[in-house]
Each structure stands twice: as structure tokens, then as C-alpha cells.
Amino acid sequence: MQPTRILQGLRYRKLRLTTKDTNKGFYKGNRTGSMGTHTSYGTYKIDYAKVRTYVCPDLSTFKLTPFVSKTIRPVQDQFPGDKLGPKNPATYLARWKAENGLD
């Protein structure tokens with residue numbers, strides 16, 4: 001199979017091939033590959049044999065360290081006396097006004 005005679009010409013040789021340059025049925029794609037198939041019902045069925053999985057190596061002996069020390073614990077917000085805690089809309093609005101200078 002070869003491209004058409006027009007596409008073999010010198011003026012098209014250096015240009016990128018797009019879907020507008022060819023007949024219907026041409027799909028350029030974006031190098032991601034398919035991870036399943038389209039069904040006749042309009043849904044997409046994922047084939048898990050095609051799904052990419054990334055395996056992280058053992059980093060216990062890794063020499064580089066993160067920017068944040070491993071000894072620092074994440075700080076959890078505390079809402080004493082508030083049943084809803086962070087879900088309270090009044091607390092959210094008060095914090096938003098304080099942070100954006102709209103007291």
C-alpha cells in the first residue's frame with residue numbers, strides 16, 4: 001500500500017499528514033493506543049490486558065530525598081464545637097472572606 005500520487009509529490013512530502021488531506025477512514029491517532037473496543041450499544045468495553053500498568057521500583061534504598069522531610073506529619077484542621085466540621089458552609093465562607101481580604 002502506498003500513498004496517493006498527489007501525496008507523493010514534493011510539495012506534500014514535508015507537510016504533516018492530517019485527516020483533511022486523505023479520504024474518509026483515515027485516523028491519525030495520538031500514539032496512545034486503544035485500551036478496549038466500542039460496542040454496538042454505544043458504550044466502550046475496556047480490555048484490561050491492554051491497560052498500561054506502571055510498576056514503581058523499591059525506593060527504600062533510593063538516594064534522593066523529597067523536598068519535604070518524612071518526619072513532618074500532615075496538619076489536620078480542627079473544628080471544636082462544630083458538628084459539621086469542614087462541611088459547614090458558614091465556616092467555609094468565613095475562611096474564604098478572611099483569606100481573600102473581604103472582612
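The protein exposes about 11,200 Å² of surface, and carbon and sulfur atoms supply 58% of this area. The model is a predicted one, and every value below was computed from it. Of the 103 residues in the protein, buried residues make up 4%. The contact pattern can be read alongside this figure: among contacts with a separation of 6 or more, residues 24 or more positions apart account for 0%.

The secondary structure consists of 3 helices and 2 strands. Followed along the sequence, these elements are arranged as α-α-β-β-α. Two parts of this pattern are worth a visit here, strand 1 and helix 3.

Strand 1 spans residues 36-38 and includes Thr37. With a relative accessibility of 46%, Thr37 is classed as partly exposed, because that value falls between the limits of 20% for buried and 50% for exposed residues. Once neighbours within four places in sequence are set aside, the contacts of Thr37 are Thr43, Tyr44 and Lys45. Asp47 lies 10 residues from Thr37 along the chain, and the C-alpha atoms of the two residues are separated by 7.5 Å.

Helix 3 covers residues 89-99 and holds both Arg95 and Glu99. These two residues are 4 positions apart, about one turn of the helix. Their side chains form a salt bridge, with an N to O distance of 2.9 Å. Side chains of opposite charge can pair when their charged atoms come close. The salt bridge count for the model comes to 1. The two partners fall into separate accessibility classes: Arg95 is partly exposed at 49% relative accessibility, whereas Glu99 is exposed at 56%. The split arises because the exposed class begins over 50%.

Arg95 and Glu99 also appear in the lining of the second largest pocket. This pocket has a volume of about 160 Å³. Joining the salt-bridged pair in the lining are Asp77, Phe79, Pro86, Asn88, Thr91, Tyr92 and Trp96. Sorted by class, the lining comprises 4 nonpolar, 2 polar and 3 charged residues. The nonpolar group consists of Phe79, Pro86, Tyr92 and Trp96, while Asn88 and Thr91 are the polar members. Asp77, Arg95 and Glu99 supply the charged part of the lining. Helix 3 thus meets the pocket through residues that include the pair joined by the salt bridge.

Key. Residues numbered from 1 in each chain as written. Predicted model: local features only at pLDDT ≥ 70, side-chain atom pairs only at ≥ 80, totals over all residues. Heavy atoms only, no water. 1 Å grid on protein atoms, 1.4 Å probe; cavity = no way out; pocket = protein on both sides within 12 Å on 5 of 7 lines; lining within 4 Å. Points joined across faces, edges and corners; volume = space filled by probe spheres on them. Buried < 20%, exposed > 50% of the residue type's maximum accessible area, 1.4 Å probe, protein only. Contact = heavy atoms within 4.5 Å. Areas by Shrake-Rupley, 256 points an atom, 1.4 Å probe, with all protein chains shown as cover. Salt bridge = Lys/Arg side-chain N within 4 Å of Asp/Glu carboxyl O.
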